[in-house]
Structures are given as structure tokens and as C-alpha cells.
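Open the structure in your viewer and keep the sequence panel in sight. The stops below go from the whole chain to single side chains.

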Amino acid sequence: RARDRNRTNATASSSAAAAEGPSATPTRREGSQGEAQQTTPTTTPPAGRKKGGTKRTKQAMPKSSNKKKTFRYKPGTVALREIRHFQKTTKLLIPAASFIREVRSVTQIFAPPDVTRWTAEALMAIQEAAEDFLIGLFSDAML
């Protein structure tokens, strides 16, 4: 009998609370005879505030499908390796064919029309001198 009375009071109070809006008191769920009763709060947070207090939650990054991250050196590491490599080598850095083409085009502009032929040794000497000049210019500029 006491249980029936509690049941009718609970339904009456919940219908009254539903008419008034959310309340700060928890409501009780009715279970079967052998189960313990559970309470669930029906409070809503005040307007303007977020749930969770002041803690910031990190956004979950989407998991990639087992793709391995590509390895990258720190900035400048590869540049220093290339500098050491090119300091050790003695070969010419400018491609010979494009350098010879430029020498011939400059010759046509500045030289008299009868100078059109170059020996291979002369072209190699001009290329070595030009690269030596550029290397000195870049090292003076600290590039």
C-alpha cells in the first residue's frame, strides 16, 4: 500500500514538474519489484555556459588507415649535406651543352660576325672561370 501511494505521488509530482519546466531535484525511475531505484538529474545548465567547466577538450584527429608518416629531415640538414657533397666534387655544376649555347649566343651579339667557331678547350676554360667566379660571388654573399 505504501508503495502504491508513493507511485501515485511520484506520477503526480512528475506531471506537475513537467508543467513547470526542468527542476533541480532529481526524479526517480520506477523499476520492477526486485530492482533498486535509480535517480537521474533533470537539470539543465544555465544559458551561456558550456558543459565541462573550464577544461578544454582536444578534438579527436581522424585515424588514418595505417599510413606510415613520411620521414622528413629538419630544415637545413639536407642543404648542409649538399654543400659538403659539392665541396668534395670537382665536376662542373652548369651543364656543358646549355653553357656552350649561351657562349655562342653572347658571341654573336658582341663579337664581329667572322668569329663563330670555338675550340673545346676554350669553352671548358670559360666554363671553369665562370663557375669559379660564381662560387666566389656566392661565398662572399654568404648564400
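Start with the whole protein chain, coloured by secondary structure. Read along the sequence, the pattern is α-β-β-α-α-α. That makes 4 helices and 2 strands in the protein chain. Keep in mind that this is a predicted model.

Now switch on the surface. The protein chain exposes about 13900 Å², and carbon and sulfur atoms supply 57% of that area. How many of the residues count as buried? Of the 143 residues of the protein chain, 4% do. Among contacts in the protein chain with a separation of 6 or more, 31% are between residues 24 or more positions apart.

Next, select residues 96-110, which form helix 3. Helix 3 has 15 residues, and at 1.5 Å a residue they should span 21 Å. If you place a distance label between the end C-alpha atoms of helix 3, it should read 21 Å, which agrees with the expected span.

Within helix 3, show the side chains of Phe 99, Val 103 and Thr 107, the buried residues of this helix. They cover an arc of only 75° around the axis, so they lie on the same side of helix 3. The spacing fits a rule: an α-helix has 3.6 residues a turn, so residues three or four places apart point the same way.

Which residues are exposed on the other side of helix 3? Select Ala 97, Arg 101, Glu 102, Gln 108 and Ile 109 to see them. Then add residues 120-141, which are helix 4; this helix is part of what covers the buried residues of helix 3.

Stay in helix 3 and centre the view on Thr 107. Its relative accessible area is 8%, and because buried means under 20%, Thr 107 counts as buried. Leaving aside neighbours within four places in sequence, Thr 107 is in contact with Val 115 and Trp 118.

For the last stop, select Phe 71 and Tyr 73. The count of aromatic pairs comes to 1. The ring centres of Phe 71 and Tyr 73 are 5.0 Å apart and the planes are at 85°, so the pair is edge-to-face. Are these residues buried or exposed? Phe 71 is exposed, with a relative accessible area of 65%, and Tyr 73 is partly exposed, at 47%.

Finally, add Arg 81 to the selection. The charged end of Arg 81 sits over the ring of Tyr 73, 4.7 Å from the ring centre.

Technical notes
Residues numbered from 1 in each chain as written. Predicted model: local features only at pLDDT ≥ 70, side-chain atom pairs only at ≥ 80, totals over all residues. Heavy atoms only, no water. Expected span 1.5 Å × (residues − 1). Buried < 20%, exposed > 50% of the residue type's maximum accessible area, 1.4 Å probe, protein only. Arc of directions from axis to C-beta. Contact = heavy atoms within 4.5 Å. Phe/Tyr/Trp six-rings, centres within 6.5 Å; stacked < 30°, edge-to-face > 60°. Lys NZ or Arg CZ within 6 Å of the ring centre and 35° of its normal. Areas by Shrake-Rupley, 256 points an atom, 1.4 Å probe, with all protein chains shown as cover.
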